[in-house]
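Please open the model in your viewer and keep the sequence panel beside it, since each stop on this tour begins with a selection.

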Amino acid sequence: MADKKLGFWVLTALVVGNMVGSGIFMLPRSLAEVASPAGVLLAWGLTGLGVLLTVLVFGNLALRKPNITGGPQMYAKELFSPGSEKGILTGYLVSWGYWVANWAGNVAIVTTFASYLSTFFPVMTSKAPLWKIAGVNIAVGNAVTFVVCSVLLWGIHVLILRGIEGAGKINFIATTAKVLGFIFFIVITLFAFQKSYMLPLYAPKTDSGLQVGLFGQVNHAAIATLWAFVGVESSVVFSSRAKRQRDVKTSTILGLILALIIYVGITLLVMGALPQQKLITAEKPLVDALSAVVGSKGSYIMAALGIICLAGTSIGWIMLSSEVPYQAAKQGIFPPLFLKQNKNGAPIRALTLTNIMSQLFIFSTISQTMAQAYGFLIFIATLSYLVPYIISSVYQLKLAITGETYEGQRRNRTIDLLIASLATIYSLWVIIAGTSDIKTFSLGIALLAAGLIFYPSVRKNRLSKNQDSVPDKVGKSA
């Protein structure tokens, strides 16, 4: 089939490429701010185990429910009886939240790409005034950054329209270069590692004047480390385009392992290459760590690696962002206008609408005020990524409890029940911790509720299909 073209290594590259993106460059500092080395190590262990359990859930569902494709959010409608209004509404809202989060997420990656490109083109950081629009001062650097981000976004748009398989292969090349680059970083910074910088392994931290113990540090750090794993579901999203369904599970597990090695290796080496106080205040921690070995050239090496890393990540996430509404429409939980594909099998309408919305967010690069508003929005939107994770775990739990798809498989059913239970507990804990601030929680709910504006078109389309199918059923029964 034309759309069954993504092989094992391309799927693995999508998983690794989408996980290891812009966040890795500031993660060592973010973790050092909230936890001592012992807390960071425990957080990585806890998060790695929790995400592995979630990945096992993804892989198992891909094999047991191969007809449900398009990502973990698609399992939302399956929590209820087939065709029920509750199921359709839940599936729609979860897909909507995930899709909207991608608009903001894509722009975060694209703008970070521009910031690393500015190392070689300083004009992108120029504060010289260019013009004033509606009371907003536009600097030369802001205008150039806006153009660069827009060109990257629509350049990838054209690339994907030429075929998902071709875009996937380019992402594979970029991801391979990215992994080799980070391996180079890990090897080089080994020479700058000093054990004394990791000591003391545990020391109390303060938050708003209150002392935070080891458990509290682990709690804060684990939330930060989980953001690093957003994208682990990438292979599941493209499951309908996979050459073999078994590749979905194995590519996801391998991608997780590779990403975990990169993240933990870089985090620990940066913590061992810079004193903790210097790391906490570092603007570019990876650059500072590399410069400790190679000198001033470190900034240029990391900038080049960042450009390669973020270019590949941009391709992967824009592909995924358009695939989500397309697959949701195929499942009947998104407006049918997202179903259209071009002759190369690319979801042209879903891709176009996704990138139009991302383009609107790119206007945040025009002024500092817009950038601050956008920064808050992306934090709210990021919480939407976690909802499909817990949905998948609960759905797996439902299958194991009811015994659906487990006829004569008592041992597998027991194991999967345990895995799903632990994955559900883990996901619940992270979501509760991430939304502990009532303002964040309320705005996250508002983001989902905003999608109700377009739900009537989904409902109308389903009712129309049901009415059209009635004569056929009557005819058959006659």
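The stops below go from one helix to a cavity, then to the aromatic rings and the cysteines.

Keep in mind throughout that this is a predicted model.

**A helix to begin with**

Select residues 214-227, which make up helix α7. With 14 residues at 1.5 Å a residue, α7 should span 20 Å, and because its end C-alpha atoms are 20 Å apart, the model agrees with that expectation. If you then colour the helix by burial, the buried residues of α7 are Q217, V218, N219, A221, A222, I223, A224, T225 and L226.

**The cavity**

Keep L226 selected, since this buried residue of α7 is also one of the residues that line the largest cavity. How many cavities of 30 Å³ or more does the count give? The count comes to one cavity of that volume or more, and about 40 Å³ of space lies in the largest cavity. To display its lining, add V51, T54, L386, Y389, Y426, S427, V430 and I431 to L226. Two or more of the lining residues come from each of α3 (37-64), α15 (386-402) and α16 (410-434), and α16 gives the largest share, with four residues. Colouring the lining by class shows seven nonpolar residues and two polar ones, while no charged residue takes part.

**Aromatic rings**

Now show the aromatic side chains, among which 18 aromatic pairs are counted. A pair of aromatic rings is described by the distance of the centres and the angle of the planes. Select F8 and W9, whose ring centres lie 4.9 Å apart with the planes at 75°, so the pair is edge-to-face. Their surroundings can be compared by accessibility: F8 is buried, with a relative accessible area of 18%, whereas W9 is exposed, at 53%.

Move next to W96 and W103, another edge-to-face pair, with 6.0 Å from centre to centre and 80° between the planes. Here W96 counts as buried at 7% relative accessibility, and W103 counts as buried at 8%. Widen the selection from these two tryptophans to Y92, W99, F334, F338, F361, F454 and Y455, and you have one aromatic cluster that includes W96 and W103.

**Two cysteines**

Finish with C149 and C309: are they buried or exposed? C149 is buried, with a relative accessible area of 1%, and C309 counts as buried because its relative accessibility is 0%, where the cut-off is under 20%. Across the model, the disulfide count comes to zero.

How values were computed: Residues numbered from 1 in each chain as written. Predicted model: local features only at pLDDT ≥ 70, side-chain atom pairs only at ≥ 80, totals over all residues. Heavy atoms only, no water. Expected span 1.5 Å × (residues − 1). Buried < 20%, exposed > 50% of the residue type's maximum accessible area, 1.4 Å probe, protein only. Disulfide = S-S within 2.5 Å. 1 Å grid on protein atoms, 1.4 Å probe; cavity = no way out; pocket = protein on both sides within 12 Å on 5 of 7 lines; lining within 4 Å. Points joined across faces, edges and corners; volume = space filled by probe spheres on them. Nonpolar A, V, L, I, M, F, W, Y, C, P; charged D, E, K, R; others polar. Phe/Tyr/Trp six-rings, centres within 6.5 Å; stacked < 30°, edge-to-face > 60°.
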